Amino acid sequence: SDTCVATYRLYDDRADFHKKAESIAVGLTVGSWTDIPETKKASMQKHLGRVVDVHIHESDVPNERYADVRIAYPDVNFSRDIPALLVTVFGKLSMDGRVKLLDLDWSSTFQQAFSGPKFGIAGIREQLGVHNRPLLMSIFKSVIGHDLSALREQFYQQALGGVDLIKDDEILFENPLTPIQDRVNVCLEAAKQVEEETGKKLLYAANLTGPTFELRDQARRAIDAGANALLFNVLSYGYDALHGLASDPDISVPIMAHPAMAGALYPSPHYGISARLLLGKLLRLAGADFVLFPSPYGSVTMPLEDTQGIREACLDTARPMKQSFPVPSAGIHPGLVPLIIRDYGIDVVVNAGGGVHGHPLGAAGGGQAFVQAIDAVLQGISLNDYAQHHEALHHAIQIWGTKE
Ligand SMILES: CCCC(=O)/C(O)=C/OP(=O)(O)O
Ligand SMILES: [Mg+2]
């Protein structure tokens, strides 16, 4: 019968890992096999968790040993939604000592309940008319306390720089000065103005916030005002909130998943959930068109190996759903573009706030510097050489240097 196979890493200096695995498989499914009357055992069999395998390792930390354990949970035990899946495989267990959930391999039956990203990489590229290069996104900085005209001007300057997307910072919530429908209205007016001047299309990801049970109406309000993308702080709401938005036919715009709060879950080797599963597989399953995560070389960093796990999960063609755009973020400046393209290829969004607004020629200059850096890398020209004849990039390198 269909199952979801969970991979855990269990740490224990003395435990019998085989016994521990067995107790998890039974404890998180039928409770306790020995207490079940013989007459009931046959009917309970289909609910019984099963240990698939146990691989024991000596850790490179002295006197620490761990085991990678795979356990199969029958689909019949949980409903076709992410909360049920997570509580089944890592509800109580997440609080039971040093155990980290590394991966979930759910059944195709379970997968059928999810349509994944509505647009995906191909759909977003189609919308923007941008192919064969990374996308470029800038972030409002700062964003709190500004009125509509200030946000409009900041948006306009970012758009002049040639970015493909502009996003709210994730800390912008509903407020009397710039309610989402008004913010969308003025920013898309500015976008139209820039498109008339430069021919450049762009998406504006307005931050969808407010009480969970009002999100759908809030999203529709933003879309009625012209929103063509939404930013969403998924982990503070939950995967199912994202799934509800992404699977709603009336919410007909790409959704960008911000990783806010993820640092409470993925960094520890001994606890939590792997970055690949937390920010890659589960966000794509829930319907994120874009997945933001800390890059390995910015201001807030994530190990390259973890970011590559997220990227693989976003792009995995074995999964029957559209791909999510990986968006390595935080502390990104034009000098890092060679590393980003080296590590993530061109199906990536180069995303920057300070690296755009901190440019001596302003946000427009910052955007231009990134456009020039991307052009240089795709032409195989070093940034320093390209900067000889490209002023915006020259200024960026003067301030932030390059890593090639
Ligand atoms: C990982 C998320 C990064 C983020 O939210 C953000 O605002 C980055 O801004 P900069 O570091 O590029 O200024
Ligand atoms: Mg931010």
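## Ligand 1 and its polar contacts

In this predicted model, an oxygen atom of ligand 1 lies 2.8 Å from a polar backbone atom of Gly-353. Taken alone, the ligand exposes 380 Å², and the protein buries 85% of that area. A second backbone approach involves Gly-331, where an N or O atom of the main chain is 2.7 Å from an oxygen atom of ligand 1. The side chain of His-258 also takes part, with an N or O atom 2.7 Å from an oxygen atom of the ligand.

There are 13 residues around ligand 1, and those that come nearest are Lys-141, His-258, Gly-331, Gly-353 and Gly-354. Sorted by class, this shell comprises four nonpolar, six polar and three charged residues. Glycine is counted as polar in this sorting.

## The pocket that holds the ligand

Ligand 1 sits in the second largest pocket, whose volume is about 400 Å³. A total of 26 residues line this pocket, and Glu-170, His-258, Val-300, Ser-329 and Ala-330 are the ones nearest its centre. His-258 therefore appears in two roles under the cut-offs of 4 Å for a lining residue and 3.5 Å for a polar contact: the residue belongs to the pocket lining, and its side chain makes a polar contact with the ligand.

Strand E10 (290-294), strand E12 (349-352) and helix H14 (354-357) are the elements that give two or more residues to the lining of this second largest pocket. E10 gives the most, with three residues. By class, the lining divides into 14 nonpolar, eight polar and four charged residues.

## The largest pocket

The largest pocket encloses about 490 Å³ of space. Its lining consists of 15 residues, and Lys-100, Leu-102, Ser-274, Glu-305 and Asp-306 lie nearest the centre. Two or more lining residues come from each of strand E1 (3-11), strand E4 (99-105), H11 and H12.

H12 provides the largest share of this lining, three residues. The lining of the largest pocket is made up of seven nonpolar, three polar and five charged residues.

## Enclosed cavities

How many cavities of 30 Å³ or more does the model contain? The count comes to two. The largest cavity holds about 50 Å³ of space and is lined by Trp-106, Arg-276, Lys-281, Arg-284, Glu-312, Ala-313, Asp-316, Arg-319 and Met-321. Helix H11 (275-286) and helix H12 (304-315) are the elements that give two or more residues to this lining. H11 gives the most, with three residues. Six residues of the lining are charged and three are nonpolar, while none is polar.

The second largest cavity has about 30 Å³ of space. Its lining consists of Lys-118, Leu-245, Ala-246, Ile-251, Val-253, Ile-255, Gly-287 and Asp-289. These residues divide by class into five nonpolar, one polar and two charged.

H11 and H12 appear in the accounts of two spaces: each gives two or more residues to the lining of the largest pocket, and each likewise gives two or more to the lining of the largest cavity.

## Backbone geometry

Most residues other than glycine have a negative phi, and most peptide bonds are trans. Two sites in the model depart from these patterns. A cis peptide bond, with omega of about -10°, joins Lys-141 and Ser-142. Ser-142 is located in the loop between strand E5 (135-139) and helix H6 (148-160). Lys-141, the other partner in this bond, is also among the residues that come nearest to ligand 1.

The other site is Asn-132, which has a positive phi of about 60° although it is not a glycine. Asn-132 lies in the loop between helix H5 (120-128) and E5. Strand E5 thus borders both loops, the one that holds Asn-132 and the one that holds Ser-142.

Definitions and conventions. Residues are numbered from 1 along each chain as its sequence is written. Chains are lettered from A and ligands numbered from 1 in the order in which they are written. This is a predicted model: local features need pLDDT of at least 70, side-chain atom pairs count only at pLDDT 80 or more; totals for chains, interfaces and linings use all residues. Side-chain values use heavy atoms; hydrogens and water are left out. A residue is near a molecule or strand if one of its heavy atoms lies within 4 Å of it. A polar contact is a pair of N or O atoms within 3.5 Å; within protein, one must be able to donate a hydrogen and the other to accept it, and residues adjacent in sequence count only if both atoms are side-chain atoms. Accessible areas come from the Shrake-Rupley method with a 1.4 Å probe; for residues, only the protein chains shown count as cover. On a 1 Å grid over the protein atoms alone, a cavity is a set of points where a 1.4 Å probe fits but cannot get out, and a pocket is an open set with protein on both sides within 12 Å along at least five of seven lines; lining residues have an atom within 4 Å of a point. A molecule sits in a cavity or pocket if more than half of its atoms lie within 2 Å of its grid points. Grid points are joined across faces, edges and corners, and a volume is the space filled by probe spheres set on the points. Helices (H or I, at least four residues) and strands (E, at least two) are DSSP runs, numbered from the N terminus.
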